[in-house]
Amino acid sequence: MSIKVLNITKKYGKQKALDKVSFEIKSGEIVGLLGPNGAGKSTLMKILTGFIPPTSGDAFVCGFDVREQSLEVRKKVGYLAEQNPLYLEMYVREFLTFIAGLHKLGKDKKSRVDQMIEITGLEAECNKKISALSKGYRQRVGLAQALMHNPEVLILDEPTSGLDPNQILEIRNLIKEIGKEKTVMLSTHIMQEVEAVCDRSIIINKGNIIADDLTVNMHNLLKKRNTITVEFNSNVDNDYLKKIPGVLKVIPKRGNIWEIESDENVDVRSEIFKFAVKSNLEVLSMHKEIVSMEDVFHQLTKE
C-alpha cells in the first residue's frame with residue numbers, strides 16, 4: 001500500500017480542517033482529491049508530505065510513519081505544491097542540477113538531470129532563466145524537481161491551475177505517463193481533468209470524505225433521472241408533453257426546446273418520436289443528457 005491514512009484530524013485553533021479522515025491508495029493508482037476551497041485538500045497533502053503534523057491519527061507513505069519517519073517519507077515522495085516554489089533567477093538546468101545535489105545523486109546527477117529534462121519536455125527551455133518561462137513550463141520544471149529522486153509516490157496540488165488549454169492537455173498527458181510507473185495523488189477543481197486522468201476519485205468537503213470510488217462509478221452516487229432535450233419545429237402544449245408514456249417532468253426552455261425527464265430505467269425517446277408523428281410535428285434535434293463529474297461534485301458538496 002503506497003498511502004494509508006487512519007483517522008487523521010487536523011485542527012487550527014478551534015477550526016477542524018480535517019476530521020477523522022481515512023483511506024488507502026494502492027501502488028500504481030492515479031487518485032484525484034476533489035473538494036471546494038477550504039475543504040482540507042492542501043492540508044491533507046501537506047501532512048502526507050511531512051510539511052505539517054496531524055493533530056491526531058496516523059498516516060503512512062510506503063510503510064513509513066509521516067510523523068516518526070518524516071525523512072524516510074520525503075525520500076519516497078515527490079511533491080509539487082499549488083504555489084510552485086522555484087528559484088526564478090536560476091537557469092532551468094542549473095536549478096535541476098542543484099535539486100539533484102540536494103538528493104545526493106552523486107555520479108548519476110548529470111544523467112538524471114538530462115533524463116528529467118527529456119521526460120518533462122524542457123529540452124528547448126533548459127538554458128533559460130526560470131523567470132523567463134511561461135507558467136506551463138514552470139509547472140514542468142516543478143514536476144522535474146518532484147521526480148528528480150525517482151520517488152514512488154507523486155503528490156500534486158492543483159498541477160494545472162492557471163494554465164491555458166494547450167498547457168493543461170500537455171501536463172495531463174505527462175501525469176498519465178508518469179502514472180504508469182508511480183502512485184499519483186493530485187488535487188484539482190477541474191472535473192474534466194479527473195475524468196481524463198484519474199482512476200479513482202476521493203471527494204472531501206468540510207474536512208470529511210463524502211465519496212470514494214472509481215471515477216467511472218462516480219455518476220452512480222446520484223439519484224438519477226434520464227433527461228432528454230428535444231426541439232420541435234413549432235410550439236407544443238406543455239400538458240400534451242406530460243401525457244407521453246414514461247414522462248415525469250417537462251421543463252420549457254428557450255423557443256421550441258423542451259427538457260423532458262423520465263425514470264432512469266425508462267428511455268422515452270421512441271415515445272417522443274411517436275408523439276411527434278401523431279401531432280404532425282418535426283423533431284429538429286434530440287439528445288440524452290449524461291451525468292458528469294461536475295454534476296456529482298455539485299450535488300455532493302452543495303450546502
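**Helix α6 and the two open sheets**

In this predicted model, the buried residues of helix α6 are Gln-167, Ile-168, Ile-171, Arg-172, Leu-174, Ile-175 and Ile-178. Around the helix axis these residues cover an arc of only 165 degrees, which places them on the same side of α6. The face turned away from this buried side carries the exposed residues Pro-165 and Asn-166. Contacts of the buried residues extend to strands β3 (30-34), β7 (153-157) and β8 (183-187), and also to helices α4 (109-119), α5 (135-147) and α7 (191-197). With 14 residues (165-178) at 1.5 Å a residue, α6 should span 20 Å, and its end C-alpha atoms are indeed 20 Å apart, so the expected and modelled values agree. At the N-terminal end of α6, Asp-164 acts as a cap, with a side-chain oxygen 3.0 Å from the backbone nitrogen of Asn-166.

Strands β3, β7 and β8, against which the buried residues of α6 pack, belong to an open sheet of six strands, arranged in the order β6-β7-β8-β3-β9-β10 with mixed pairing. The edges of this sheet are formed by β6 (77-80) and β10 (208-214), each of which pairs on one side only. Neighbouring strands are turned against each other by 15 degrees on average, direction ignored. Within the sheet, β6 and β7 are joined in the parallel sense by four bridges, with Leu-154 of β7 as the bridge partner of Gly-78. Strands β7 and β8 also run parallel and are linked by five bridges, among them one in which Val-153 is partnered by Thr-183 of β8. Strand β9 (200-205), by contrast, runs antiparallel to β10, to which six bridges join it; here Ser-201 stands opposite Asp-213.

Strand β7 is mostly covered, five of its five residues being buried. This burial involves both faces of the strand, with Val-153, Ile-155 and Asp-157 on one side and Leu-154 and Leu-156 on the other. Among the helices that lie across β7 is α5, which also crosses β6 and runs at about 160 degrees to β6. Helix α1 (41-48) lies across β3, β6, β7, β8 and β9, and its direction makes an angle of about 145 degrees with β8.

A second open sheet consists of four strands in the order β2-β1-β4-β5, with antiparallel pairing. Its edge strands are β2 and β5 (64-65), each pairing on one side only. Strand β1 (3-12) is joined to β2 (15-25) by seven bridges, and Tyr-12 has Gln-15 of β2 as its bridge partner. Two residues separate the strands of this β1-β2 hairpin, in which Gly-13 adopts a positive phi near 70 degrees. Five bridges pair β1 with β4 (56-61) in the antiparallel sense, and Thr-9 stands opposite Ser-56 of β4. Strand β4 is in turn connected to β5 by two bridges, again with the strands running antiparallel, and Val-61 stands opposite Phe-64 of β5. Helix α1 lies across β1, β2 and β4 of this sheet, running at about 120 degrees to β1, and it also lies across strands of the six-stranded sheet, including β3 and β9.

Conventions
Residues are numbered from 1 along each chain as its sequence is written. This is a predicted model: local features need pLDDT of at least 70, side-chain atom pairs count only at pLDDT 80 or more; totals for chains, interfaces and linings use all residues. Side-chain values use heavy atoms; hydrogens and water are left out. The expected span of a helix is 1.5 Å times one less than its number of residues. Buried means under 20% relative accessible area, exposed over 50%, partly exposed in between (1.4 Å probe, protein chains only). The arc is that of the directions from the helix axis to the C-beta atoms. Contact means heavy atoms within 4.5 Å. A polar contact is a pair of N or O atoms within 3.5 Å; within protein, one must be able to donate a hydrogen and the other to accept it, and residues adjacent in sequence count only if both atoms are side-chain atoms. Two strands pair if DSSP finds at least two bridges between them. Axes are lines fitted to C-alpha atoms, for helices over the stretch in contact, and angles run from 0 to 180 degrees between N-to-C directions.
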